Amino acid sequence: MKGGGGGGGGGVGGGGKRRWKVLVIGVLVLVILSMLVPLAFLLGLHNGFHSPGFVTVQPASPFESLSRINATKHTQRDLSDRVDEVLQKINPVLPKKSDVYVGSVDMNGASSSVPKKRGLPVSPTVVANPSPANNTKIEASDKGGQGATVSGDETQKTCEVKYGSYCLWREENKEPMKDAKVKHMKDLLFVARAYYPTIAKMPSQSKLTRDMKQNIQDFEKILSESSADNDLPPQVDKRFQKMEAVIAKAKTFPVDCNNVDKKLRQILDLTEDEASFHMKQSVFLYQLAIQTMPKSHHCLSMRLTVEYFKSAALDIEDSEKFSDPSLLHFVIISDNILASSVVINSTVVHARESKNFVFHVLTDEQNYFAMKQWFIRNPCKQATVQVLNIEKFEMDSSEMKLTLPTEFRVSFTGGDNSENRTHYLSLFSQSHYLLPKLFHKLEKVVILDDDVVVQRDLSPLWELDMAGKVNGAVKSCSVRLGQLKSLKGGSFNSNACLWMSGLNVIDLAKWRELGVSETYHKFYKEMSGGDESREAIALQASLLTFQDQVYALDDKWALSGLGYDYYINTQSIKNAAILHYNGNMKPWLELGIPQYKNYWRNHLNREDRFLSDCNVNP
């Protein structure tokens, strides 16, 4: 009986053990499945994991928004690699304690970016055909290369060295970041919001849910009241530690990847929209600053105008010198008082005999009296200065309005591996074609743009034999006539180099003999009537008018590019007789390239009280 009883007890015990083993095996299977299912989500093997796409940060230009790649267009293996890459980027890796205080590159692009009637208005871009010579990649060097890459911001993106490059300006004017902690708080808040919905669904983690919710609310309250690190409360470091600890604990639990993915995508979309808005705003402010007159310059013009009518000083003009062909005559067309003053001062300072120099400044009616008062207050040694109001002349021209030398941005679209190249081409305006009639007694003049600085004596220019040519100018062979797509009509040498204004020796007698002004107006009239702008038509008409009438000056007479090229050789600057600040970044603007500003400032009379009264600080 005992044996039977013992056998029965052993059978029951054996059945219990078998059931226990089955339960253990079932638990192990569930544990393995719980590990495999998240792994399957991470590897993209689950059909429901597919989402609209993953972001690739490869913008074609700084004005294009981030592009998206449709995941369905890739193979399964390629998709898995992309999933791993994206998850590594969005995975909230906790920074070290010291990282909270590390400032990153300044993302505020406002300076500017900006450049008033400050600079010359730039006409619409003239696109040039690529040539074999332009297909080579340009590197930044002391020789004045146009293209290069420099270290970018904290995202390690390259910064293209182009004309008037905004990112280069940002590098030059970089300031310590004042909201590094605030940005880090936002990052932690984004990660906490992504994990919170999953943690909140776990009944066993009610304490973690409460802590996470409390930390999220605290961060939201702080960020609503703080925009810079100085605005943060004193105990913010402890809040950082609490939030980091909560996120670290949340990461130890399996989460619903779809929820995290959706939340982070929402954050990414919001960030994209915000970045796009600030980029467009920055570009708008940059263009606004370039093409409008600064408040300080407007104040200076108004104060000088009032002073002219209040002053009892006599405006004595030596009219005999103004029309004496034996003297050396310069013509400046400008509405910028400071720029005209620097041109004249720098020319006179380097002249052997300034008493033979006569300057004719053509301006508009708005700045006429201010310009006269400035040169009465600031005489230029023994040189003579005549200020003319071009709008008061009665001539055959239908519109007697001041037009400044026009700058054209010429862009070359490179090949697959080459950088885009951009040059600023400065040419005559319609006011230049009035000079033979305005100065009918003169036979030769030198025209200077108001964005130049003279470093040598210019007297030898009157001794040049121009071989019967009308216009003596420095040629720019980096741009050929045939490369301009917009140039049409008439016969021309497509391989001819373009010429630049800035420094031009004009034979007025030959100009009148050949009827250059009439030829220009003929071309201009023939090309008008289409969809092209006046500036584009004027460019074509000027190039065709002077294509066989330009005498090439030596390159050392004028050096261009100081208004957009960051990499001009210092020795080339010293050797040049004239520095030409063609481009957007004029030296009197806050946006001007810093290393070139002193050449311009050295010739500005900053002791005049009106400059300090109007807060003019170029």
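A charge counts as sitting over a ring when NZ of Lys or CZ of Arg is within 6 Å of the ring centre and within 35 degrees of the ring normal. R609 fits that description here: it lies over the face of F610, at 4.3 Å from the ring centre. Keep in mind that this is a predicted model. Below is a quick tour of its salt bridges, its aromatic pairs, one covered strand and a nonpolar surface patch.

**R609 and its network**

- Besides lying over F610, R609 has a salt bridge with E307, at 3.9 Å from N to O.
- That contact links distant parts of the chain, with R609 in helix α18 (residues 609–613) and E307 in helix α8 (residues 295–310), 302 residues apart.
- R609 is partly exposed, its relative accessible area being 41%.

**Other salt bridges**

- The structure has 15 salt bridges in total.
- E407 and K586 bring their side chains together in one of these, at 2.8 Å from N to O.
- E407 sits in strand β9 and K586 in the loop between β17 (578–580) and α17 (594–601), so this pair ties together parts 179 residues apart in sequence.
- Buried or exposed, what are the two partners, E407 and K586? E407 is buried, with a relative accessible area of 0%, and K586 is buried as well, also at 0%.
- Shared partners also make a network: salt bridges join R303, E307, R609 and D613 into one.
- Then there's K392 with E365, where the closest N and O atoms are 3.6 Å apart.
- K392 belongs to the loop between β8 (384–389) and β9 (406–412), while E365 is in helix α11 (residues 365–377), so the bridge ties together parts 27 residues apart in sequence.
- K392 is exposed, with a relative accessible area of 59%, whereas E365 is partly exposed at 36%.

**Aromatic pairs**

- Searching the whole structure turns up 20 aromatic pairs.
- Take F219 and F240: their ring centres are 6.2 Å apart and their planes stand at 80°, so the pair is edge-to-face. The cut-off behind that label is planes over 60 degrees apart.
- F219 comes from helix α5 (residues 206–225) and F240 from helix α6 (residues 236–250), so the two rings tie together parts 21 residues apart in sequence. F219 and F240 are both buried.
- Y520 and Y524 make a tilted pair, with 6.0 Å between centres and 35° between planes.
- These two tyrosines share helix α14 (residues 516–527), where they are four residues apart, about one turn of the helix. Y520 and Y524 are both buried, too.
- Y520 and Y524 also belong to one aromatic cluster, along with F428, Y433, W499, W511 and F546.

**Strand β6**

- How many of the six residues of β6 (residues 328–333) are buried? Six of the six are, so the strand is mostly covered by the under 20% cut-off for relative accessible area.
- In a regular strand, side chains alternate between the two faces of the sheet.
- In β6, L328, F330 and I332 are buried on one side, and H329, V331 and I333 are buried on the other.
- Strand β6 runs parallel to β7 (residues 357–363), and six bridges join the two. Across them, F330 has F359 of β7 as its bridge partner.

**Nonpolar surface patch**

- On the surface, I25, V29, L30, I32, L33 and L36 form a nonpolar patch, together showing about 570 Å² of accessible area.
- One of its members, L33, lies in helix α1 (residues 2–42). L33 is partly exposed, with a relative accessible area of 43%.

Conventions: Residues are numbered from 1 along each chain as its sequence is written. This is a predicted model: local features need pLDDT of at least 70, side-chain atom pairs count only at pLDDT 80 or more; totals for chains, interfaces and linings use all residues. Side-chain values use heavy atoms; hydrogens and water are left out. Patches are made of residues with over 30% relative accessible area and no salt bridge: like charges are joined within 9 Å, nonpolar side chains (Val, Leu, Ile, Met, Phe, Trp, Tyr) within 5 Å. Accessible areas come from the Shrake-Rupley method with a 1.4 Å probe; for residues, only the protein chains shown count as cover. A salt bridge is a side-chain nitrogen of Lys or Arg within 4 Å of a carboxyl oxygen of Asp or Glu. Buried means under 20% relative accessible area, exposed over 50%, partly exposed in between (1.4 Å probe, protein chains only). Rings of Phe, Tyr and Trp (its six-membered ring) pair if their centres lie within 6.5 Å; planes under 30 degrees apart count as stacked, over 60 as edge-to-face and the rest as tilted. Two strands pair if DSSP finds at least two bridges between them.
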